[in-house]
Amino acid sequence: MMKPRRIFARLAVAVALGLTPLSAQAAPGGQLHTLIVGRWVCEQPGDATRAPVRREADDFWVVQDSSYRVRGGGRGSYLLLGGQLAMTSGPFEGRRYGLDSTATVHPLGPDGAPLPQRCVKSGTPSVYVDMPEAAPKN
């Protein structure tokens, strides 16, 4: 018969091993982030000879809880992993974007290649602390 002290010691070891924190594993697509809340304006960029062309049908508003809404009241959710943004439900479901900075994304085509458009956060982002890897490169 096992002595009570030995049983307690084995139980204590089992509990300690069970409570030992495991190392955190990175998500397969990179770190999970959220977009800056507010209006995102989409456009075909211009150059020195022509002004950008607004694409209002592609504008969206980022709201709380990894959600977005579009003109007309449609609503959906998104997932931002590392530098990849995916609209996971709602009117823009299936759209994918590449992250240029915390305030600029560009749509990706079906093959993953960048399309000649961009969507920018209306206004100025205050900090890049949340996503240092997405801060503008000088």
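The following passage describes the overall fold, the strands around β9, the residue Q117 and the main nonpolar core of a predicted model. Residues are numbered from 1 along each chain as its sequence is written, and side-chain values use heavy atoms, with hydrogens and water left out. Because the model is predicted, local features need pLDDT of at least 70 and side-chain atom pairs count only at pLDDT 80 or more, while totals for chains, interfaces and linings use all residues.

The protein chain contains one helix and ten strands; these are DSSP runs numbered from the N terminus, with helices being H or I of at least four residues and strands E of at least two. Along the sequence, the helix is followed by the strands, in the pattern α-β-β-β-β-β-β-β-β-β-β. Of its 138 residues, 30% are buried, a term that stands for under 20% relative accessible area (1.4 Å probe, protein chains only). The exposed surface comes to about 9,200 Å², of which carbon and sulfur atoms supply 59%, as given by the Shrake-Rupley method with a 1.4 Å probe. Contacts are defined by heavy atoms within 4.5 Å; among those between residues at least 6 apart in sequence, 39% join residues at least 24 apart.

We may turn next to β9 and its partners. Strand β9 (104-108) is mostly covered, with five of its five residues buried. On one side of the pairing, β8 (residues 96-101) runs antiparallel to β9 and is joined to it by five bridges; strands are taken to pair if DSSP finds at least two bridges between them. A hairpin of two residues connects β8 to β9, and S101 has T104 as its bridge partner in β9. Strands β9 and β10 also run antiparallel, joined by two bridges, and V105 stands opposite C119 in β10.

The loop between β9 and β10 (118-121) holds Q117. Q117 is buried, at a relative accessible area of 12%. Its side chain makes a polar contact with the side chain of D58 at 3.2 Å; such a contact is a pair of N or O atoms within 3.5 Å, where, within protein, one must be able to donate a hydrogen and the other to accept it, and residues adjacent in sequence count only if both atoms are side-chain atoms. Beyond four places in sequence, the residues that Q117 touches include C42, R55, D58 and H106.

Finally, the largest nonpolar core has 16 residues, and L35, F60 and Y97 have the most contacts inside it. Elements giving two or more residues to this core are β2 (38-44), β4 (60-63), β6 (75-81), β7 (84-87) and β8. Such a core is a set of buried Ala, Val, Leu, Ile, Met, Phe, Trp, Tyr and Cys residues joined through side-chain atoms within 4.5 Å. Outside its neighbours within four places in sequence, L35 contacts W40, F60, V62, Y78, L80, L85 and L99.

Conventions: Buried means under 20% relative accessible area, exposed over 50%, partly exposed in between (1.4 Å probe, protein chains only).
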